[in-house]
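Student: Got a minute to go through the sheet and helices with me? Put the model up first.
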Amino acid sequence: MTQGENEVSAPLPGVTRAYRSPMEIWINPACSKCRSAVKLLDAEGADYTVRRYLEDVPSEDEIRGVLDRLGLEPWDITRTQEDAARELGVKEWARDASSREQWIKALAEHPKLIQRPIITADDGTAVVARTDEAVRDALSR
């Protein structure tokens, strides 16, 4: 079984740093930034599980929870260049409290719109891990 199949990775031999919080990373395996983030997590010996969020789609409640942990709004993590975003017309949607649920519903119904990768930790933190620096930030928490 590989990490892409959702098991917890074992620390690499010789890695002495122990991470206090197991993590989950939401990925699309076809995404190069997701693959880079997983590679860095492996290199650092991180304890994590992989969630292929296009197959194991987050519920609206899970999306709300991740947004709270990120301190972001749904439009902040929406991939507006995706075909589904154009079809829905999300670029024209209001970005305010009254439209928040519309955005969350769209993310749950069209998970490809969710920015990736997202790393969540058991300590309640989360980060959109599109750069090595963001992955390292998640590891340092």
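Tutor: One definition before we start: contact means heavy atoms within 4.5 Å. And keep in mind that this is a predicted model.

Student: OK. Which strands does helix 1 lie across?
Tutor: Helix 1 (residues 32-43) lies across strand 1, strand 2 and strand 3. Its direction is at about 155 degrees to strand 1.

Student: And helix 2, which strands does that one lie across?
Tutor: Strand 1, strand 2, strand 3 and strand 4. Helix 2 covers residues 60-70 and runs at about 85 degrees to strand 3.

Student: Switching to the sheet. What's the strand order?
Tutor: The order is 2-1-3-4, in an open sheet of four strands with mixed pairing. Strand 2 (48-52) and strand 4 (126-128) each have a single partner strand, so one side of each has no neighbour in the sheet. From one strand to the next, the twist averages 20 degrees.

Student: Do strands 1 and 2 run parallel or antiparallel?
Tutor: Parallel, with five bridges joining strand 1 to strand 2. The chain gets from strand 1 to strand 2 through helix 1, in a right-handed β-α-β crossover.

Student: How many bridges pair strand 1 with strand 3?
Tutor: Four, in the antiparallel sense. Strand 1 is residues 23-27 and strand 3 is residues 118-121.

Student: Give me a residue to click on. What stands opposite Glu24 in strand 3?
Tutor: Thr120. On the strand 2 side, the bridge partner of Glu24 is Thr49.

Student: What holds paired strands together, in general?
Tutor: Backbone hydrogen bonds, whether the pairing is parallel or antiparallel.

Notes. Residues are numbered from 1 along each chain as its sequence is written. This is a predicted model: local features need pLDDT of at least 70, side-chain atom pairs count only at pLDDT 80 or more; totals for chains, interfaces and linings use all residues. Side-chain values use heavy atoms; hydrogens and water are left out. Two strands pair if DSSP finds at least two bridges between them. Helices (H or I, at least four residues) and strands (E, at least two) are DSSP runs, numbered from the N terminus. Axes are lines fitted to C-alpha atoms, for helices over the stretch in contact, and angles run from 0 to 180 degrees between N-to-C directions. A crossover is right-handed if, with the strands pointing away from the viewer, the path from the first strand over the helix to the second runs clockwise.
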